[in-house]
Amino acid sequence: MSANANSYVITPPAQAAIAVAGTDKMFPVRRIWCVGRNYEEHIREMGHDVRDPPFFFSKPADAIVADGGNVPYPPLTKDMHHEVELVVALKSGGRNIPFDKALDCIYGYGVGIDLTRRDLQIASRDMKRPWEIGKAFDASAPCGPLQPAGKIGHPSKGRIALKANGKLRQEGDLTQMIWNVPEVIGKLSEMVALAAGDIIMTGTPSGVAATVPGDKLECEIEGVGRLTVAIGPPEPPSLHSPR
Ligand code: MN
């Protein structure tokens, strides 16, 4: 559905976007999908069976936080966790994408953090309720600049790590992903139609832990790039005009 600017009854919201490394161009974000449980060590640390098939959840596109940005500590949680993840950005999509065609859909790759209100996620899980309140909150998707696949290729191995205040918290390798990138795209496209502008956070290695106001999170994926964000104090309560 489309309309010209004059036909909207309010000003349309800004297009969410991620910087493209080494350029002044932006990648516009349509949807953010995330893979649950895609590294064995993280599945074990959360107490689940590694043989479970992967599943997906989503975040709103405007949850993106740029490299160098600030994440206000979100409300209602006492246990926000960092999950460093390889981000895949799509330039095309479709339904039932065969694994051997999936790489053709990829624009590029970046480093992201799936920030998680772990206490609320677990409470929702235990009550068999949806995960949005634990996963899809404001500023929950920091994402570093994208590197085009045309420049770096399609990384299937390489160190993925996160440091908090200079101390190593998470470390793994992309080879440890249970479902590789083509399989993630193929499986997800069986459930929903994928399209240009979609990004996928592909799961986190072990070492997830709490992060608090004042923390500096530095992430790196070998061959892909870096992401640094600061966790800030909570935003002041307001009766209207959030963010
Ligand atoms: Mn995650």
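So, the second largest pocket: about 180 Å³ of space lies in there. Keep in mind as we go that this is a predicted model. Who lines that pocket? We've got Leu86, Leu103, Tyr109, His154, Pro155, Ser156, Leu174, Thr175, Met177, Asn180, Val181 and Pro182. Sort them by class and you get eight nonpolar residues, four polar ones and no charged ones.

Hang on to two of those names, Tyr109 and Val181, which line this pocket, since they come back in the core. The largest nonpolar core has 42 residues, and the ones touching the most other members are Tyr109, Ile113, Val181 and Ile185. Several elements supply at least two residues each to this core: β3, β8 (84-90), β9 (106-113), β13 (159-164), α6 (181-191), β17 (216-221) and β18 (225-232). As background, nonpolar side chains in soluble globular proteins tend to be buried together.

Let's zoom in on Ile113. Leaving out residues up to four places away in sequence, what does isoleucine 113 touch? The list runs His82, Glu83, Val84, Ser140, Ala141, Pro142, Leu162, Met201, Leu217, Cys219, Leu227 and Val229. There's also another core, lying apart from the 42-residue one. That other core has 19 residues, including Phe27, Phe57, Ala63 and Cys143.

Now, helix α6. Its buried residues are Val181, Pro182, Val184, Ile185, Gly186, Leu188 and Ser189. Here's a handy bit of geometry: an α-helix has 3.6 residues a turn, so residues three or four places apart point the same way. And what covers the buried residues of α6? The cover includes β3, β4 (55-59), β8, α2 (99-102), β9 and β15 (199-201).

Next up, the metal. The manganese ion has protein donors from Glu83 (OE), Glu85 (OE) and Asp114 (OD), at 2.1 to 2.2 Å. Read along the chain, those donors follow the spacing E-x1-E-x28-D. Are glutamate 83 and glutamate 85 buried or exposed? Both glutamates are buried. And Glu83 you've met already, on the list of residues that Ile113 touches.

Glu83 turns up once more, in the cavity. The structure holds one cavity of 30 Å³ or more, and about 140 Å³ of space lies in this largest cavity. Its lining has 16 residues, and nearest the centre are Arg37, His42, Glu83, Gln121 and Trp131. Two elements give two or more residues to that lining, β3 (32-36) and α3 (118-126). Helix α3 gives the most, with three residues. How does the cavity lining divide by class? It comes out as four nonpolar, five polar and seven charged. Set that beside the second largest pocket, whose lining has no charged residues.

While we're on α3, look at serine 124, which is found in that helix. Why does serine 124 count as buried? Because its relative accessibility is 9%, and the cut-off for buried is under 20%. Beyond residues up to four places away in sequence, serine 124 touches Arg129 and Pro130.

Last stop, proline 237, in the segment after β18. Why do we call proline 237 exposed? Because its relative accessible area is 82%, and exposed means over 50%. If you want to place proline 237 on the model, try serine 58 as a reference: the two are 179 residues apart in sequence and 26 Å apart in space, C-alpha to C-alpha.

Key: Residues numbered from 1 in each chain as written. Predicted model: local features only at pLDDT ≥ 70, side-chain atom pairs only at ≥ 80, totals over all residues. Heavy atoms only, no water. 1 Å grid on protein atoms, 1.4 Å probe; cavity = no way out; pocket = protein on both sides within 12 Å on 5 of 7 lines; lining within 4 Å. Points joined across faces, edges and corners; volume = space filled by probe spheres on them. Nonpolar A, V, L, I, M, F, W, Y, C, P; charged D, E, K, R; others polar. Helix = DSSP H or I, 4+ residues; strand = E, 2+ residues; numbered from the N terminus. Core = buried A, V, L, I, M, F, W, Y, C linked by side-chain atoms within 4.5 Å. Buried < 20%, exposed > 50% of the residue type's maximum accessible area, 1.4 Å probe, protein only. Contact = heavy atoms within 4.5 Å. Donors = N, O, S within 2.8 Å, 3.2 Å for Na, K, Ca; no water.
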